[in-house]
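Trainee: I am new to reading structures, and I learn best by looking closely at one part. Could you pick up from my question and walk me through it?

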Amino acid sequence: MVKKPLNADAYIQHLYIYLNESDHFALFSGLTFAHFLDAMKLPKNLLLLKHPYEDASFNMHTHMEFATQEEFGQLRKARANKKSEFCWVDFKSEKQLNSLTPQEQAELLYIGHKKEPVKSPFYATLQNEFVYLSSEEEETTKIYFRNLERLNELVGNYFTYLIRREENGQNFWRRKSKDLIPELPTDILKSLKKNYREGVLISLVDPEKTKNTIELHIRPVEEISFLDEFWSDIEEYTKQGISRKIIYDRKQKVWQ
């Protein structure tokens with residue numbers, strides 16, 4: 001008996017990814033700043049190029065605002081509560097900000113305005129790992145990665161966090177590690193790179209509908225010119241053929 005394709009409402013989360021490997025950035029739809037904070041090892045400070053955070057610190061040398069790691073919770077709330085473009089570059093200490101040249105400061109302002117770098121988005125002075133550029137409604141997020149392997153960290157932890165929360169509720173972190181769904185294996189994540197280059201939609205099936213498995217469905221979706229329109233067409237995208245399934249078997253307790 002052939003299974004019917006799942007409807008859009010059978011999925012609880014979608015993430016679109018398009019990777020431009022040569023320029024070291026990825027485009028996302030379905031990724032919020034809250035998702036990023038939950039998924040990634042956090043930077044120490046964020047230089048805020050465009051933001052909704054009213055309590056940001058002020059750097060006298062650059063006349064730019066920044067937030068420390070201790071403020072990320074408040075920054076997260078501000079981002080969730082106020083529609084605003086959100087652009088930042090990470091850095092380790094304010095001493096680095098004080099060393100920025102007028103040219104580097106101008107380039108950073110350009111990145112915040114145009115959402116693309118003049119030259120490289122990675123600064124020797126700042127030693128930044130990321131440049132994070134998000135639209136007002138967070139329909140589109142563009143992230144430059146100094147190390148592209150960290151894209152695997154982001155995607156893997158993004159879905160691991162969502163699955164564990166869905167399985168165990170908000171207090172999943174209190175459970176013993178042996179009771180948690182294991183992280184997505186690195187080899188599986190690395191194998192997705194070729195999909196990212198073409199554009200891919202990764203969809204998490206509602207675990208209530210699959211019972212004995214947890215499933216991520218992979219569909220090729222070519223680079224989209226207007227990502228802000230992506231979600232209005234999501235039902236059409238989910239009707240397209242699934243090129244691959246990543247499955248966690250609850251009985252064998254393995255991803256495959």
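Trainee: How many of the eight residues of strand 10 (residues 213-220) are buried?

Mentor: Happy to help. Keep in mind throughout that this is a predicted model.

Seven of the eight residues in strand 10 are buried, so the strand is mostly covered. Let's look at what lies beside strand 10. Strand 9 (residues 200-205) is joined to strand 10 by five bridges, and the two run antiparallel. To find one of these pairings on your screen, pick Leu204: its bridge partner in strand 10 is Leu216. Strand 11 (residues 244-249) also runs antiparallel to strand 10, and six bridges join them. Here you can look for Thr213, which stands opposite Asp249 of strand 11.

Now zoom out to the sheet. It is an open sheet of 12 strands, in the order 4-5-3-6-7-8-2-1-9-10-11-12, with antiparallel pairing. At its edges stand strand 4 (57-59) and strand 12 (254-255); each has a single partner strand, so one side of each has no neighbour in the sheet. Strand 10, by contrast, has strand 9 and strand 11 beside it in that order. As a general point, side chains in a regular strand alternate between the two faces of the sheet.

Follow the order from strand 10 past strand 9 and you come to strand 1. Strand 1 spans residues 11-20 and contains His14. His14 counts as buried because its relative accessibility is 8%, and the cut-off for buried is under 20%. Its side chain makes a polar contact of 2.7 Å with the side chain of Ser203. Beyond its sequence neighbours, His14 touches several residues, among them Leu201, Ile202 and Ser203. The contacts of His14 also include Tyr158, Trp231 and Thr238.

Next, travel along the sheet order in the other direction, towards strands 7, 6, 3 and 5. These four strands, together with helix 1 (33-39), are included in what covers the buried residues of helix 2. Helix 2 is made of residues 72-81, and Phe72, Leu75, Ala78 and Arg79 are buried in it. Those four lie on the same side of helix 2, because they cover an arc of only 115 degrees around its axis. A general rule helps here: an α-helix has 3.6 residues a turn, so residues three or four places apart point the same way. On the other side of helix 2, Lys77, Ala80 and Asn81 are exposed.

Let's pick out Leu75 from that buried side. Leu75 has a relative accessible area of 0%, so it is buried. Not counting residues up to four places away in sequence, Leu75 touches Phe33, Leu46, Leu48, Tyr53, Ala67 and Phe86.

Two of those names, Phe33 and Phe86, lead us to the aromatic rings. The structure holds 14 aromatic pairs. In one of them, Phe33 and Tyr132 meet edge-to-face, with 6.0 Å from centre to centre and 75 degrees between the planes. This pair links distant parts of the chain: Phe33 is in helix 1 and Tyr132 is in strand 7, 99 residues apart. Phe33 counts as buried because its relative accessibility is 1%; Tyr132 counts as buried because its value is 0%. Phe86 and Tyr132 also form an edge-to-face pair, 6.0 Å centre to centre with 70 degrees between the planes. Here too distant parts of the chain are linked, with Phe86 in strand 6, Tyr132 in strand 7 and their positions 46 residues apart. Phe86 is buried, as is Tyr132. These rings belong to one aromatic cluster, formed by Phe33, Phe36, Phe86, Trp88, Phe130, Tyr132 and Phe145.

One more ring is worth finding. The charged end of Lys142 sits over the ring of Phe25, 4.5 Å from its centre.

Finally, look at helix 5 (residues 150-168), where you will find Asn152. With a relative accessible area of 10%, Asn152 is buried. Its contacts, leaving out residues up to four places away in sequence, are Leu189, Lys190 and Tyr196. To get a feel for distance in the model, go from Leu189 back to Leu75: they are 114 residues apart in sequence and 29 Å apart in space, C-alpha to C-alpha.

To return to your question, strand 10 has seven buried residues out of eight, with strand 9 joined to it by five bridges and strand 11 by six.

Notes
Residues are numbered from 1 along each chain as its sequence is written. This is a predicted model: local features need pLDDT of at least 70, side-chain atom pairs count only at pLDDT 80 or more; totals for chains, interfaces and linings use all residues. Side-chain values use heavy atoms; hydrogens and water are left out. Buried means under 20% relative accessible area, exposed over 50%, partly exposed in between (1.4 Å probe, protein chains only). A polar contact is a pair of N or O atoms within 3.5 Å; within protein, one must be able to donate a hydrogen and the other to accept it, and residues adjacent in sequence count only if both atoms are side-chain atoms. Contact means heavy atoms within 4.5 Å. The arc is that of the directions from the helix axis to the C-beta atoms. Two strands pair if DSSP finds at least two bridges between them. Rings of Phe, Tyr and Trp (its six-membered ring) pair if their centres lie within 6.5 Å; planes under 30 degrees apart count as stacked, over 60 as edge-to-face and the rest as tilted. A charge sits over a ring if NZ of Lys or CZ of Arg is within 6 Å of the ring centre and within 35 degrees of the ring normal.
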